[in-house]
Amino acid sequence: MKIIDLNQLRNRAYKCACEHGFHDEELNDEHLFCLIISELMEAVEADRKGRLGRNCRSRFELEYNRYPALVEESKRFASAFEKHIKDTVPDELADAVIRLLDWYGTRSIVIDNADFDDKVIEEYSRTYTNKNFTKSVFNITQYIIDRSPGIAILKIFGFAKHLNIDLFWHIEQKMKYNELRPKLHGKKY
């Protein structure tokens with residue numbers, strides 16, 4: 001795994017959330033943690049619908065790179081993202097991590113990047129052996145409810161590794177997509 005500066009991702013997630021009106025008023029932890037859990041529940045729904053995101057990266061890249069001279073980049077990106085990535089399991093897990101990163105940003109907490117090395121993530125991925133999808137997601141939500149976001153984020157990365165999902169790639173694509181969206185992403189909050 002390439003070295004990723006989670007604090008840069010945190011800053012970017014928080015900045016995007018601020019620019020899109022998510023922090024126009026001060027939000028408490030319960031509100032923010034509930035939204036993180038809602039993203040995990042959307043991952044469950046994606047799994048239930050069979051939207052596993054297998055091969056979504058290659059299909060996305062094929063469509064995104066089609067007609068670059070004829071269609072504006074942001075439109076090609078949004079269209080390909082919505083068609084091949086949006087509302088899949090990897091997309092929803094990326095959303096959960098982005099919301100966790102945003103929470104870190106709202107609280108000005110520095111993330112220890114050393115916790116996210118391959119060995120640690122591999123160790124967390126093994127905890128999902130012989131667990132079904134819902135039991136795995138429930139396990140992650142317990143750490144959010146217990147106010148242990150640091151463990152929750154590691155658990156999500158471990159779960160993604162267990163599912164063979166390149167979560168950093170999906171986070172990057174979702175952040176690009178979120179930057180193109182309207183205020184509050186068209187939602188009430």
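**Salt bridges and core packing in a predicted model**

Glu19 and Lys15 sit four residues apart in helix α1 and are therefore separated by about one helical turn; helices here are DSSP runs (H or I, at least four residues), numbered from the N terminus. The two residues form a salt bridge, with the closest N and O atoms 3.1 Å apart, the term denoting a side-chain nitrogen of Lys or Arg within 4 Å of a carboxyl oxygen of Asp or Glu. This is a predicted model, in which local features need pLDDT of at least 70 and side-chain atom pairs count only at pLDDT 80 or more, while totals for chains, interfaces and linings use all residues. Residues are numbered from 1 along each chain as its sequence is written, and side-chain values use heavy atoms, leaving out hydrogens and water.

The structure holds 17 salt bridges. Another of them joins the side chains of Arg99 and Glu39 (3.2 Å, N to O), linking helix α5 to helix α2 across 60 residues. Glu39 counts as buried, at 6% relative accessibility, whereas Glu19, at 54%, counts as exposed (buried is under 20% relative accessible area, exposed over 50%, partly exposed in between; 1.4 Å probe, protein chains only).

Turning to the core, the largest nonpolar one has 43 residues, of which Leu93, Ile156, Phe157, Leu167 and Ile171 touch the most other members. Such a core is a set of buried Ala, Val, Leu, Ile, Met, Phe, Trp, Tyr and Cys residues joined through side-chain atoms within 4.5 Å. Helix α5 gives the most to this core, with 10 residues.

Notes
Helix = DSSP H or I, 4+ residues; strand = E, 2+ residues; numbered from the N terminus.
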